[in-house]
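Take a moment to look over the chain before reading on. We will start with a puzzle and then build up the wider picture.

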Amino acid sequence: MLRLLRAKASLFCGIALLAIAPAASALPIVYYSMTALGGGLFQYSLVVNNSGGAEALAGLNVLHGHSAFSLDGSSTIGAPSGWSSFAPLPPFVDDLNYFSLTPGGDIAVNASRGGFSFVSTTDPDTLSGDDFHVEGIGATTASQIDLGIAQSVPEPSVAVLLALGLIGFGWRRDRGQ
């Protein structure tokens with residue numbers, strides 16, 4: 001009886017996750033990972049996922065590029081092929097701006113593009129609030145599209161440890177311990 005209830009609960013949770021997943025990915029979003037380079041330097045690497053976006057993206061603005069990340073004209077900034085960037089120009093411009101060089105380089109609807117990066121002295125553990133806020137620029141309308149706060153991609157080792165813990169917990173419960 002307990003196994004039947006557990007199976008029904010698992011089925012219900014699986015269906016609920018499938019129903020929620022499309023809604024959660026309805027807007028473009030930016031994911032980032034960080035690599036400690038040593039010497040107090042950190043490389044931030046960004047991936048833009050335009051799943052569910054209303055139009056292709058031809059630009060990307062990392063808000064607070066100077067005030068949160070200390071970026072300026074001497075910073076190391078990387079862009080994917082077909083893109084370029086403008087570094088913040090303190091005190092006049094605080095944002096890091098990426099832009100597509102041709103329509104073929106735009107991030108199409110339901111597509112992703114990585115290769116955006118910058119090196120900063122800002123430790124990601126010190127970021128708060130909307131320090132890492134990002135906007136997209138629509139390729140057709142040139143309107144600013146709020147992509148929200150960049151979301152960290154967990155390290156693969158964290159995901160593996162979590163999966164192993166859940167498997168172990170399930171195995172232990174099945175054995176009746």
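## A puzzle to begin with

Which side chain of opposite charge is nearest to Glu135, and how far away is it? This is a predicted model, and in it the nearest such side chain is Arg113, 19 Å away. Glu135 is buried, yet it has no salt bridge.

Where does Glu135 sit? It belongs to strand 8, which covers residues 133-138. Setting aside neighbours within four places in sequence, Glu135 is in contact with Gly59, Leu60, Asn61, Leu63, Gln144, Ile145 and Leu147.

## The whole chain

Now step back and look at the overall plan. The protein chain contains two helices and 10 strands. Following the sequence, you meet them in the pattern α-β-β-β-β-β-β-β-β-β-β-α.

The chain has 177 residues, and 29% of them are buried. Its exposed area is about 10600 Å², with carbon and sulfur atoms supplying 63% of that. Among contacts between residues at least 6 apart in sequence, 62% join residues at least 24 apart.

## An open sheet

Five strands make up an open sheet with the order 4-7-2-1-10 and mixed pairing. Strand 4 (77-78) and strand 10 (151-152) are at the edges with a single partner strand each, so one side of each has no neighbour in the sheet.

Within this order you can find strand 1 (residues 29-38) and strand 2 (residues 41-49), which run antiparallel and are joined by nine bridges. One pair to look for is Gly38 and its bridge partner in strand 2, Leu41.

## Strand 6 and its partners

Strand 6 spans residues 96-100. In a regular strand, side chains alternate between the two faces of the sheet. Here, Leu96, Tyr98 and Ser100 point to one face and are buried, whereas Asn97 and Phe99 point to the other and are not.

Strand 6 runs antiparallel to strand 3 (residues 57-62), with four bridges between them, and Val62 stands opposite Leu96. Four bridges also join strand 6 to strand 5 (residues 83-86), again antiparallel. In that pairing, Ser85 has Tyr98 as its bridge partner.

## A nonpolar patch outside

Finally, turn to the surface. Leu89, Phe92 and Val93 form a nonpolar patch there, with about 330 Å² of accessible area together. Phe92 lies in the loop between strand 5 and strand 6.

Why does Phe92 count as exposed? Its relative accessible area is 71%, and exposed means over 50%.

How values were computed. Residues numbered from 1 in each chain as written. Predicted model: local features only at pLDDT ≥ 70, side-chain atom pairs only at ≥ 80, totals over all residues. Heavy atoms only, no water. Buried < 20%, exposed > 50% of the residue type's maximum accessible area, 1.4 Å probe, protein only. Pairing = 2+ DSSP bridges. Patch = residues over 30% accessible without salt bridge, like charges linked within 9 Å, V, L, I, M, F, W, Y side chains within 5 Å. Areas by Shrake-Rupley, 256 points an atom, 1.4 Å probe, with all protein chains shown as cover. Salt bridge = Lys/Arg side-chain N within 4 Å of Asp/Glu carboxyl O. Lys, Arg positive; Asp, Glu negative; His and termini not counted. Contact = heavy atoms within 4.5 Å.
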